Structure formats: C-alpha cells, structure tokens
Amino acid sequence: MQPDLWALYRLMLHSRLFENAVIHLWDEGLISGEMHMGIGEEAIVAGIVSQLIEGDALALDHRGTPPLLMRGVDPVLLLREFLGRPDGLCAGMGGHMHLFSREHLAASSGIVGASGPAAVGFALSGVLQRPGTLAVAFFGEGSMNQGMLLESMNLAVVWNLPVLFVCKDNGWSISTMSPSMTGGNLLDRAHGFGMPGIAVDGNDIESFYAVGEEAVQRARNGEGPTFIRASCSHPEGHMLGLQLQRIARQPLKEMGEIAGPLLRSVTRVKGASLRERVESVKEILSMLGKTIKEEYIPGDDPLKLTRQKLIKDESRLDDLEREVLQEIEIVVEQALEPEELELGRTQ
Ligand SMILES: Cc1ncc(C[n+]2csc(CCOP(=O)(O)OP(=O)(O)O)c2C)c(N)n1
Ligand SMILES: [Mg+2]
C-alpha cells in the first residue's frame, strides 16, 4: 500500500517539535539528568508505528519518546514525566527512559538490549491472548552485542513469534564506533538464527515503510519474526549535555575551557613521560575530530527529505506545520501548569 506521506510527516513533525521543546526545557534546567533524543529516528519510528493496530505492543529503548508519542500517548503526561512530576505518565518515577503505558501496551528500558526479551514476551502473550497482533522491538546497533537480545531473536524464531526486531543503526554506541566493537554483518546474525534480515535507509520514509509493511505482513500471517537494520544519524549526539556535542556546536568556547586542564595535565611534573603524554593528547584530539565529523554532522534529515516530497503543495504544508507547532505550544503550556495537588494545598 502507498503510505500517506502527509500523515507520516505530521507524526514525524509532532515528535520533532515535541523533542525540540524538551531540549529547550532541559537547557533551562527544568529537566534533569541524561536526556537521549529520538531526533533523526523519526522516519523509522513513523514507518512502523503508523502500521500498528490495537493490541500490538512496543518494546522500546532509551530513545522512547517518538514511538510513545506516535502511538498516541498523551504528550502532556509524557512531558510532565520528564519534568519528574507526580502527575506524569509514570508518576514522575520513570524519567525519560523507564516508561510504561498499559493502555498502549508500550514499555521502555534504559538497559541496552532489553527491548528484545520484552518484545518476545509481548509477542508470546499476543499469540495466546490477542491473535493477529505483533510486537516491535526498537534498539540501537550497539545492542546487537548484548546476549539477551540475541537470545530473544533465537526464541522468536524457535517459537515462530510475531516480532519485528528494528535496529536503528547510527554507527555509534555513545563514543564507540561500531567497527571497533562489532564483528561481521548484522544481517548475517539474523540469517544465522533463521529469520529474514533486511537493510534499508532509515531516513527515507517511503523505502522504510515498504520494508516495514513486509515485516508486519509476515508477522500477522504467522510467518514469524523479521530483522530490519535501518541506518540513521543522531544530530543531537548520544545525549544532551555531552561535552563532544558541545564542542561540535561551540568549538571556540568549549575548547577554551578544556585547553587549560589539558595543558596542565601534560606539563605536570609527576606521572608518565612527556612523549607518552603528547601521544595521549594527540589520540584524544584525533578521536575528537573523528567523533565530531562522523557523529555530530547529521546525514540526511528524514523530516527534510519527507518535506521535499510535499513542498509542491506549499500552502497545505504551511497550514500543517503551523497547526502542529501550535499543538506543541499548548502541550508545553499545559505540562507546565501547576500540579492540581499543589493548588489544593495552597488554597
Ligand atoms: C546493559 C547496558 N550496558 C551499558 C549501558 C550504557 N549505555 C547506555 S546507551 C549505550 C549505547 C547504546 O548504543 P546503541 O544500542 O547503538 O544505541 P544508540 O545510543 O546509538 O541509539 C550504552 C552502552 C546500558 N544502559 N545498559
Ligand atoms: Mg547506535
């Protein structure tokens, strides 16, 4: 079936603007701790979530915001959760990584690889209690070195479960590049377990949707799990506040702050030989350059690519974008309203 690009763009834009608002609140200090964004993954998420039906389940990783939003979780509750409020989605106890919505059969975890076993459990319960439904596991390519994910892929094949294993491959796990820790080809791993594995450009919503559709059909027809490796990039880096990311954005300011301590560590009297120290600094700088170049310079932005396909109807596009922006402004306003409990207390 041809995807409805307008509906997909709307889902993606809603998620992007919501996350931009999250970045703003984080910068203001209203959201604390690490914050992993799903920016750059929107086409992968929209391409799958838009094909789900009631009773399908979502097992998510540390970038759960886009899938939860696109599945219909109330954005006000989600934002209040990030703000750590008792009236948030999980009573302010889940933060942005450990979320659960019973209504949407969706659960996320910050434990890398944990979405695999969770999806297999969801799928098994689906076979027993909700025939015709499926479960999706979203995870990064770094998770493919976690035993529990590989074990869950094996079980999904053995039990012929309706699972979509969706690997969002940005080529990095925090600051480690994939080739330095992952051997072989990820598709071969899926094939080794006896399931189809398909690679696709995760920035191209139409190609991705088509691959997703095939996997969804296989699962619903009782033909078992599918592995999808979708390439993407994270323009916000691994998480907000990471120093490498700050250096990429404001090299002069950030390097100015680092230069002093770095110089002092090289010129200290005690410790390693001068040659060793200079070598270490050279290594750090080369790693820095590589990281900035490869991770923080985004590849193709899935939203921009989708937008280009819709630009011929500019006024419809303008209306849609204005409407979504207004929706997000209202969400932020409502999320920041004082807690009802507190109001009661002060009266
Ligand atoms: C079991 C476990 N090991 C290590 C970590 C720390 N950690 C958090 S995110 C991450 C990188 C994950 O990389 P990837 O799966 O590729 O996801 P990405 O962040 O690139 O989306 C690591 C190692 C963790 N949360 N859980
Ligand atoms: Mg990764």
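Tutor: A residue is called buried when its relative accessible area is under 20%, exposed when it is over 50%, and partly exposed in between (1.4 Å probe, protein chains only). This is a predicted model, where local features need pLDDT of at least 70, side-chain atom pairs count only at pLDDT 80 or more, and totals for chains, interfaces and linings use all residues. Residues are numbered from 1 along each chain as its sequence is written, chains are lettered from A and ligands numbered from 1 in the order in which they are written, and side-chain values use heavy atoms, with hydrogens and water left out.

Student: Is P75 buried or exposed, and how do you know?

Tutor: P75 has a relative accessible area of 17%, and because buried means under 20%, P75 counts as buried. P75 belongs to helix 4 (residues 75–82), a helix being a DSSP run of H or I with at least four residues and a strand a run of E with at least two, numbered from the N terminus. The C-alpha atom of P75 is separated by 9.8 Å from that of Q334, although the two residues are 259 apart along the chain.

Student: What makes helix 2 mostly covered?

Tutor: In helix 2 (residues 42–49), 8 of its 8 residues are buried, among them E42, I44 and V49.

Student: How do you know which atoms coordinate the magnesium ion (ligand 2)?

Tutor: Donors are N, O and S atoms within 2.8 Å of the metal (3.2 Å for Na, K and Ca), and sites may look incomplete because water is not among the atoms. The magnesium ion is coordinated by E141 through two OE entries, by N170 through OD1 and by W172 through O, at 2.0 to 2.7 Å. Along the chain these donors follow the spacing E-x28-N-x1-W. Distant parts of the chain are linked here, since E141 is in the loop between strand 4 (135–140) and helix 6 (147–158), while N170, 29 residues apart from E141, is in the loop between strand 5 (163–169) and strand 6 (172–173). E141 is buried at 2% relative accessibility, and N170 is buried at 15%.

Student: Why is the site of the magnesium ion (ligand 2) called irregular?

Tutor: Six donors count as octahedral if opposite donors are over 155 degrees apart and all others between 65 and 115; four count as square planar under those limits or tetrahedral if all angles lie between 85 and 135 degrees; anything else is irregular. The 6 donor atoms here have angles of 50 to 174°, and because 50° fits neither range for six donors, the site is irregular.

Student: What makes the approach of G142 to ligand 1 a polar contact?

Tutor: A polar contact is a pair of N or O atoms within 3.5 Å; within protein, one must be able to donate a hydrogen and the other to accept it, and residues adjacent in sequence count only if both atoms are side-chain atoms. A polar backbone atom of G142 is 2.8 Å from an oxygen atom of ligand 1, and therefore the pair qualifies. An oxygen of ligand 1 also lies 2.8 Å from a polar backbone atom of W172, and one lies 3.1 Å from a side-chain N or O atom of S143.

Student: Why is I174 called partly exposed?

Tutor: Its relative accessibility is 45%, and I174 is therefore partly exposed, as this value falls between the limits for buried and exposed. I174 sits in the loop between strand 6 and strand 7 (176–177), and its phi is near 50°, a positive value in a residue other than glycine. Most residues other than glycine have a negative phi.
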